[in-house]
Amino acid sequence: MAFADHLLLQVGAPVPTGEEAVRDAWASFAHSVTVGKPAVIFMRGTLGAPADRSSLEAAARLRAAGCRHLEVVDVSAPGANVPDGLANLPDSAHLTLPQLYLSGAALEGWLDLPAAELRERLFAAGVALGEVP
């Protein structure tokens, strides 16, 4: 479902404010970007050049699970794939990044998963995996 279509479904619903509004807008956007794809990570920088400590940790966790190639949305340089109104959302105190989505759904707590379990989840989503270091 496209981001705009997802927003149209919310017409008539109570208007969220503050933290709830940020989280709802981000969830709608992230879902529209990730649906139908095995895996997408939203992070600052890329897997090869993470731009902050948490993104560095995320890249290391993915490598430990044998994941070398993954679609990355660099939220610090969003480009044309991010609507204007959402370009500043990743800077919100109400969002925690990086976020990993598998088959259109956020994988909550993924940075705390053992590497073997993360590998199983990635494989089940259809991510091509290599050797574990």
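**Notebook: strand S1 and its surroundings**

I began with contacts across the whole chain: among those between residues at least 6 apart in sequence, 70% join residues at least 24 apart. The model I am reading is a predicted one.

**Entry 1. Overall layout**

I looked up the elements and found four helices and four strands in the chain. From the N terminus on, I read their order as α-α-β-α-β-β-β-α. The chain has 133 residues, and 37% of them count as buried. I noted an accessible surface of about 7,400 Å² for the chain, with 57% of that belonging to carbon and sulfur atoms.

**Entry 2. Strand S1**

Next I went to S1, residues 39–43. How many of its five residues are buried? I found that five of the five are buried, and I wrote S1 down as mostly covered. I then sorted the residues by side. Ala39, Ile41 and Met43 lie on one side of S1, Val40 and Phe42 on the other, and both faces are covered. The sorting follows a general pattern: in a regular strand the side chains alternate between the two faces of the sheet.

**Entry 3. Neighbours of S1**

Which strand runs antiparallel to S1? I found S3, residues 99–102, joined to S1 by four bridges. I looked up individual positions here: Ala39 stands opposite Leu102, and Val40 stands opposite Tyr101.

S2, residues 71–74, also pairs with S1 over four bridges, but in the parallel sense. I picked out Ile41 and found that its bridge partner in S2 is Val72. I then followed the chain from S1 to S2: the path goes through helix H3, residues 53–64, and this β-α-β crossover is right-handed.

**Entry 4. Strand S3 and the hairpin**

In S3, I see Gln99 and Tyr101 pointing one way and Leu100 and Leu102 the other way, and all are buried. S3 is also joined to S4, residues 105–106, by two bridges, and the two strands run antiparallel. Leu102 appears again here, with Ala105 as its bridge partner in S4. The hairpin of S3 and S4 has two residues between the strands, and Ser103 takes a positive phi near 50° in it.

**Entry 5. Helix H2**

I checked the length of H2 next. It has 17 residues, which at 1.5 Å a residue should span 24 Å, and its end C-alpha atoms are 24 Å apart, so the two agree. Among the buried residues of H2 I noted Val22, Trp26, Phe29, Ala30 and Val33. For helices I keep one rule in mind: an α-helix has 3.6 residues a turn, so residues three or four places apart point the same way.

Thr34 is found in H2. Is Thr34 buried or exposed? At 1% relative accessibility, Thr34 counts as buried. Leaving aside neighbours within four places in sequence, I found Thr34 in contact with Val40, Phe42, Tyr101, Ser103 and Gly104.

**Entry 6. Gly36**

Gly36 is found in the loop between H2 and S1. Just after H2, Gly36 takes a positive phi of about 80°. At 73% relative accessibility, Gly36 counts as exposed, because the cut-off for exposed is over 50%. I also looked up how far Gly36 is from Leu102: the two are 66 residues apart in sequence, and their C-alpha atoms are 9.2 Å apart in space.

**Entry 7. Aromatic rings**

I counted four aromatic pairs. How do the rings of Trp26 and Phe42 sit to each other? Their centres are 5.1 Å apart and their planes are at 70°, so I entered the pair as edge-to-face. Trp26 lies in helix H2 and Phe42 in strand S1, so this pair ties together parts that are 16 residues apart in sequence. Trp26 counts as buried at 4% relative accessibility, and Phe42 is buried at 0%. I noted that ring pairs link Trp26, Phe29, Phe42 and Tyr101 into a cluster.

**Entry 8. The end of the chain**

Last, I looked at Pro133, in the segment after helix H4. At 74% relative accessibility, Pro133 counts as exposed. Where does Pro133 make contact, leaving aside its neighbours within four places in sequence? I found contacts with Arg63, Ala64 and Arg68. Pro133 and Arg63 are 70 residues apart along the chain, and their C-alpha atoms are separated by 7.6 Å.

Terms used:
Residues are numbered from 1 along each chain as its sequence is written. Side-chain values use heavy atoms; hydrogens and water are left out. Buried means under 20% relative accessible area, exposed over 50%, partly exposed in between (1.4 Å probe, protein chains only). Two strands pair if DSSP finds at least two bridges between them. A crossover is right-handed if, with the strands pointing away from the viewer, the path from the first strand over the helix to the second runs clockwise. The expected span of a helix is 1.5 Å times one less than its number of residues. Rings of Phe, Tyr and Trp (its six-membered ring) pair if their centres lie within 6.5 Å; planes under 30 degrees apart count as stacked, over 60 as edge-to-face and the rest as tilted. Contact means heavy atoms within 4.5 Å. Accessible areas come from the Shrake-Rupley method with a 1.4 Å probe; for residues, only the protein chains shown count as cover.
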